[in-house]
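Please open the model in a viewer and keep the sequence panel visible. The stops below are meant to be followed in order, with one selection made at each.

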Amino acid sequence: MFKRRLVLSFVGISMLVMSSSASAHSSVTIDPAGDIATSTPPYYDIVKAKIHATGDETGVHEAIVFSMNLAAPIPQLSSSTFFGANWLLDTNAARVGPEYNVIVRWCTTATHPRCQPGAAHWEGALNDFAAGGTQTYVSMFAVDGDAVTLWLDPQRIGSPGRFDWIGATRSRGAQPIPEDETELASFRR
Ligand SMILES: [Ca+2]
């Protein structure tokens, strides 16, 4: 009996330590459901967006994880449909506007000129606005029901210690006004 209690209290302490370190590396923003145009499908409606750091800081498993939850699961999309989940990052307060756009999108070259060629597909991408809009692709991402997630090597955005960000969804490539947009949040690694 004594042993069991000891084990349980140890687990309790470990969970406390883990949860406190996890929250120190998480930036979560809750967005209202139903705040998009009524003609827009609910899977463009952001209900939660999050950025958190993972890994042991040795570099091998280190990542910044960008995630988003939508008001409805994303269905099988047609090839003429564009869906973009964006995390716009302001990593440099001295420069106006966001420096990076982290992207998970469903596209073809017809719905977005910078989409990789071939049949309609999901892809991850990173736009570097400070470098004149240079775009590179990101291989680690997941689209699962109402959740979109992307894992990024921090070095690809200059390994910032902190940055401000907003989440957005788009139904057209480079759509000037997003379908939905979160409030400004701040992330600290
Ligand atoms: Ca919303």
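The tour begins with the whole chain and then moves through a sheet, a core and some individual residues.

**Whole chain**

Select the entire chain and colour it by pLDDT, since this is a predicted model. The mean pLDDT is 89, and 84% of the residues reach 70 or more. Within residues 5-23, however, the pLDDT is below 50, and this stretch makes 0 contacts in the model beyond near neighbours in sequence. That segment may be hidden for the remainder of the tour.

Switch to a cartoon view. The chain contains 1 helix and 12 strands. Read from the N terminus, the order of elements is α-β-β-β-β-β-β-β-β-β-β-β-β. Of the 189 residues in the chain, 29% are buried. Among contacts with a separation of 6 or more, 55% link residues 24 or more positions apart.

**The open sheet**

Next, select strands β1, β2, β3, β8 and β9. They form an open sheet of 5 strands in the order β1-β2-β3-β9-β8, with antiparallel pairing. At the edges are β1 (26-30) and β8 (141-144), each of which pairs on one side only. On average, neighbouring strands of this sheet are turned by 10° against each other, direction ignored.

Begin at the β1 edge. Strand β1 pairs with β2 (residues 46-54) in the antiparallel sense over 5 bridges. Two positions help to align the view: Ser 26 stands opposite His 52 in β2, and Thr 29 stands opposite Ala 49 in β2.

Now move across to the other neighbour of β2. Strands β2 and β3 run antiparallel and are joined by 8 bridges. Display Ile 46 here; the bridge partner of Ile 46 in β3 is Leu 70.

**The nonpolar core**

Which residues touch the most other members of the largest nonpolar core? Select Phe 66, Trp 87, Leu 89, Val 102 and Trp 165: these hold that position in a core of 35 residues. At least two residues of this core come from each of β2, β3 (63-70), β4 (83-90), β5 (100-107), β6 (121-128), β9 and β10. Strand β5 provides the largest share, 6 residues.

Centre the view on Val 102. Leaving aside neighbours within four places in sequence, Val 102 is in contact with Phe 66, Asn 86, Trp 87, Leu 89, Leu 126, Leu 150 and Leu 152.

**Strand β5 and its partners**

Extend the selection to the whole of β5. This strand is mostly covered, with 7 of its 8 residues buried. Add β4, which runs antiparallel to β5 and is joined to it by 7 bridges. In this pair, Ala 85 stands opposite Val 104 in β5.

Then add β6. Strands β5 and β6 also run antiparallel, joined by 8 bridges. Show Asn 101, which stands opposite Asn 127 in β6.

**Gly 124**

Remain in strand β6 and select Gly 124. Is Gly 124 buried or exposed? Gly 124 counts as buried because it has 23 C-beta neighbours inside 10 Å, and 20 or more are required. Not counting residues up to four places away in sequence, Gly 124 touches Ile 103, Val 104, Tyr 137, Val 138, Ser 139, Met 140, Phe 141 and Leu 150. For a distance check, pick the C-alpha atoms of Gly 124 and Thr 149: they are separated by 9.6 Å, while the two residues are 25 apart along the chain.

**Two loop residues with positive phi**

Finally, leave the strands for two loops. Select Ser 159, in the loop between β9 (147-152) and β10 (162-170). Ser 159 has a positive phi of about 45° although it is not a glycine. Because it has 12 C-beta neighbours inside 10 Å, Ser 159 counts as exposed; the limit for that class is 12 or fewer.

Continue to Ala 174, in the loop between β10 and β11 (180-181). Ala 174 is likewise not a glycine, and its phi is positive at about 55°. With 11 other C-beta atoms within 10 Å, Ala 174 is exposed.

Definitions and conventions
Residues are numbered from 1 along each chain as its sequence is written. This is a predicted model: local features need pLDDT of at least 70, side-chain atom pairs count only at pLDDT 80 or more; totals for chains, interfaces and linings use all residues. Two strands pair if DSSP finds at least two bridges between them. Helices (H or I, at least four residues) and strands (E, at least two) are DSSP runs, numbered from the N terminus. Axes are lines fitted to C-alpha atoms, for helices over the stretch in contact, and angles run from 0 to 180 degrees between N-to-C directions. Two residues are in contact if their C-beta atoms, placed from the backbone, lie within 7 Å. A nonpolar core is a set of buried Ala, Val, Leu, Ile, Met, Phe, Trp, Tyr and Cys residues joined through C-beta atoms within 7 Å. pLDDT is the predictor's confidence in each residue, from 0 to 100.
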